[in-house]
Amino acid sequence: MRVHVADHPLITHKLTVLRDKRTPAPVFRALTEELVTLLAYEATRNVRTETVTIETPVTETEGLEISRPRPLVVPILRAGLGMLDGMVKLLPTAEVGFLGMVRNEETLEPTTYAERLPDDLSDRQCFVLDPMLATGGSLGAAIEFLFDRGAVDVTAICLLAAPEGVAALEKATEGRDVTIVLGSLDERLNENGYIVPGLGDAGDRLYGLV
């Protein structure tokens, strides 16, 4: 498993505003979209392309276009939805699937409650969107779900991660072609499974407590 922490002043600045508990939901949503676009630039560095020939106003030349089958973007509901616009803004030709996962707050174990994905993901590159890599349970289960459907490589984009979650995910995906792109690798998990210093519950801050 490859881990890339996007060390950039703009990313750190936007994360600082996200972390602030006084940041209102509309600003939080807008900054999340901007952050994901920046992270997606790093995450798509190895996206598959093919050579094409085009005509410019001056001459014929060769360029690149995104290969088929198109990449699949998979936000993990519900917090991952807040990352979707930022991702498809950079990769508008990608297809979008959905995976609903919830964490049991007592056992911290993930459960899949909904999915809208192709039955066959053979030869597909997949990009999973999940704001927080905390214990690694939900993201690990989502990645395994995609590989079980035939995906060949999976890249996960997360705003924040805890070292415990990264270690757990590396163990869970051993032997798989997995890349994790992070805005920040934080200090630790607390006794409730939340990232410290973190930014709280990303879903609640995006959409409220309902």
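**Exercise 1. Describe the secondary structure and overall form of the chain in this predicted model.**

Solution. Begin with the secondary structure, which in this predicted model comes to 6 helices and 13 strands. Next, take the radius of gyration, which is 17 Å and lies close to the 17 Å that the globule rule gives for 210 residues, so the chain is as compact as a globular protein of that length. Then consider the extent along the principal axes, where the C-alpha atoms fill a box of roughly 60 × 35 × 30 Å. Finally, turn to burial: of the 210 residues of the chain, 46% count as buried.

**Exercise 2. Work out which elements and which kinds of residue line the second largest pocket.**

Solution. The volume comes first, and for the second largest pocket it is about 250 Å³. The lining of this pocket is made by 15 residues, and those that lie nearest its centre are R2, A43, N46, T155 and T179. The next step is to assign the lining to elements: at least two residues each are supplied by strand 1 (2-5), helix 2 (25-43), strand 8 (125-129), strand 10 (153-161) and strand 11 (178-185). The largest share, 3 residues, comes from strand 10. As a last step, sort the lining by chemical character, which gives 5 nonpolar, 5 polar and 5 charged residues.

**Exercise 3. Locate T135 and G137, decide whether T135 is buried, partly exposed or exposed, and find the distance that links the two residues.**

Solution. Start from the record: an unreviewed UniProt entry lists, under "binding site", a set of residues that includes T135 and G137, with R78, R103 and D201 also among them. In the model, T135 lies in the loop between strand 9 (132-133) and helix 4 (137-148), whereas G137 is found in helix 4 itself. For the accessibility of T135, the relative accessible area is 22%, and because the partly exposed class runs from 20% to 50%, T135 counts as partly exposed. The value for G137 is also given as 22%, and G137 is likewise partly exposed. To connect the two, look at the backbone nitrogen of G137, which lies 3.3 Å from a polar atom of the side chain of T135.

**Exercise 4. Determine whether I195 and S184 are buried or exposed, and name the partner of the S184 side chain.**

Solution. I195 is one of the residues that the unreviewed UniProt entry lists for "binding site", in a group with G200, D201 and A202. Its place in the model is strand 13 (residues 195-196). The relative accessible area of I195 is 8%, and since buried means under 20%, I195 is buried. S184, which is found in strand 11, has a relative accessible area of 15% and is therefore also buried by that cut-off. The partner of the S184 side chain is the side chain of R19, with which it makes a polar contact at 3.3 Å.

**Exercise 5. Place R176 in the chain, and state how far R176 and V152 are apart in sequence and in space.**

Solution. First find the position of R176, which lies in the loop between helix 5 (163-172) and strand 11. The relative accessibility of R176 is 30%, so R176 counts as partly exposed. Then set the two separations side by side: R176 and V152 are 24 residues apart in sequence, while their C-alpha atoms are 8.4 Å apart in space.

Technical notes
Residues are numbered from 1 along each chain as its sequence is written. This is a predicted model: local features need pLDDT of at least 70, side-chain atom pairs count only at pLDDT 80 or more; totals for chains, interfaces and linings use all residues. Side-chain values use heavy atoms; hydrogens and water are left out. On a 1 Å grid over the protein atoms alone, a cavity is a set of points where a 1.4 Å probe fits but cannot get out, and a pocket is an open set with protein on both sides within 12 Å along at least five of seven lines; lining residues have an atom within 4 Å of a point. Grid points are joined across faces, edges and corners, and a volume is the space filled by probe spheres set on the points. Helices (H or I, at least four residues) and strands (E, at least two) are DSSP runs, numbered from the N terminus. Ala, Val, Leu, Ile, Met, Phe, Trp, Tyr, Cys and Pro count as nonpolar, Asp, Glu, Lys and Arg as charged, and the others, Gly among them, as polar. UniProt positions are given in the numbering used here, feature names are shortened, and annotations may be inferred rather than shown by experiment. Buried means under 20% relative accessible area, exposed over 50%, partly exposed in between (1.4 Å probe, protein chains only). A polar contact is a pair of N or O atoms within 3.5 Å; within protein, one must be able to donate a hydrogen and the other to accept it, and residues adjacent in sequence count only if both atoms are side-chain atoms. The radius of gyration is taken over C-alpha atoms; the globule rule is 2.2 Å times the number of residues to the power 0.38.
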